Amino acid sequence: MIFNSITFFIFFAVVFAVHYLITAKYRLLWILLVSTFFYVYAKPAFLFVPLMITVISYFAGIKIEKSK
């Protein structure tokens with residue numbers, strides 16, 4: 001998806017609109033899902049990259065929170 005294409009404009013408009021329509025509780029999850037979709041849209045084989053970054057960051061955050 002090229003940034004100056006009509007497809008990106010529609011994608012951005014939908015993401016922006018839904019972001020402000022949903023409750024704050026689900027906004028981070030929404031951004032995570034659409035970011036992953038945007039990344040995978042180029043090549044589905046890239047799904048591994050954002051999933052691994054998310055998992056590593058999640059568990060690293062838990063580990064950091066538990067440390068003194």
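1. Phe-8. This residue is found in helix H1. The model is a predicted one. Phe-8 counts as buried, because its relative accessibility is 17% and the cut-off for buried is under 20%. Leaving aside residues up to four places away in sequence, Phe-8 touches Met-1, Ile-2, Phe-3 and Phe-38. The link to Phe-38 spans 30 residues in sequence. In space, the two C-alpha atoms are 9.3 Å apart.

2. The aromatic cluster. Phe-8 and Phe-38 also belong to one aromatic cluster. Its other members are Phe-3, Phe-11, Phe-12, Phe-16, Tyr-20, Phe-37 and Tyr-41. Across the structure there are 11 aromatic pairs. One of them joins Phe-12 and Phe-16: the ring centres are 6.0 Å apart and the planes meet at 20°, so this pair is stacked. The angle decides the label, because planes under 30 degrees apart count as stacked. A pair of aromatic rings is described by both the distance of the centres and the angle of the planes.

3. Setting of the stacked pair. Where do Phe-12 and Phe-16 lie? Both are in helix H1, which covers residues 6-21. They sit four residues apart, about one turn of the helix. Phe-12 is partly exposed, with a relative accessible area of 46%. Phe-16 is likewise partly exposed, at 46%. Phe-8, in helix H1 too, is buried at 17%.

4. His-19. Helix H1 also holds His-19. Is this residue buried or exposed? His-19 is buried, because its relative accessible area is 18% and the limit is 20%. Residues up to four places away in sequence are not counted in its contacts. On that basis, His-19 touches Arg-27, Trp-30 and Ile-31.

5. Thr-36. This residue lies in helix H2, which runs over residues 24-42. Thr-36 is buried, with a relative accessible area of 14%. Which residues does Thr-36 touch, not counting those up to four places away in sequence? They are Leu-47 and Pro-50. Pro-50 falls within the range of helix H3, residues 48-66.

6. The nonpolar patch. Seen from the surface, Tyr-39, Phe-46, Phe-48, Val-49, Met-52, Ile-53 and Ile-56 make a nonpolar patch of about 660 Å². Which helix gives the most to this patch? Helix H3 does, with five residues. Tyr-39 comes from helix H2. Tyr-39 counts as partly exposed, because its relative accessibility is 38% and exposed would require over 50%.

7. Overall fold. The chain has three helices and zero strands. Along the sequence the pattern reads α-α-α. The radius of gyration is 15 Å, well over the 11 Å that the globule rule gives for 68 residues, so the chain is more spread out than a compact globule. Along the principal axes, the C-alpha trace spans about 50 × 30 × 15 Å.

8. Burial and surface. How much of the chain is buried? Of the 68 residues, 12% count as buried. Phe-8, His-19 and Thr-36 are among the buried residues. The accessible surface of the chain comes to about 5,900 Å². Carbon and sulfur atoms hold 77% of that surface.

9. Contact range. Take the contacts in the chain between residues at least 6 apart in sequence. Of these, 26% join residues at least 24 apart. The contact of Phe-8 with Phe-38 spans 30 residues in sequence.

Definitions and conventions
Residues numbered from 1 in each chain as written. Predicted model: local features only at pLDDT ≥ 70, side-chain atom pairs only at ≥ 80, totals over all residues. Heavy atoms only, no water. Patch = residues over 30% accessible without salt bridge, like charges linked within 9 Å, V, L, I, M, F, W, Y side chains within 5 Å. Areas by Shrake-Rupley, 256 points an atom, 1.4 Å probe, with all protein chains shown as cover. Salt bridge = Lys/Arg side-chain N within 4 Å of Asp/Glu carboxyl O. Helix = DSSP H or I, 4+ residues; strand = E, 2+ residues; numbered from the N terminus. Buried < 20%, exposed > 50% of the residue type's maximum accessible area, 1.4 Å probe, protein only. Phe/Tyr/Trp six-rings, centres within 6.5 Å; stacked < 30°, edge-to-face > 60°. Contact = heavy atoms within 4.5 Å. Rg over C-alpha atoms; globule rule 2.2 N^0.38 Å.
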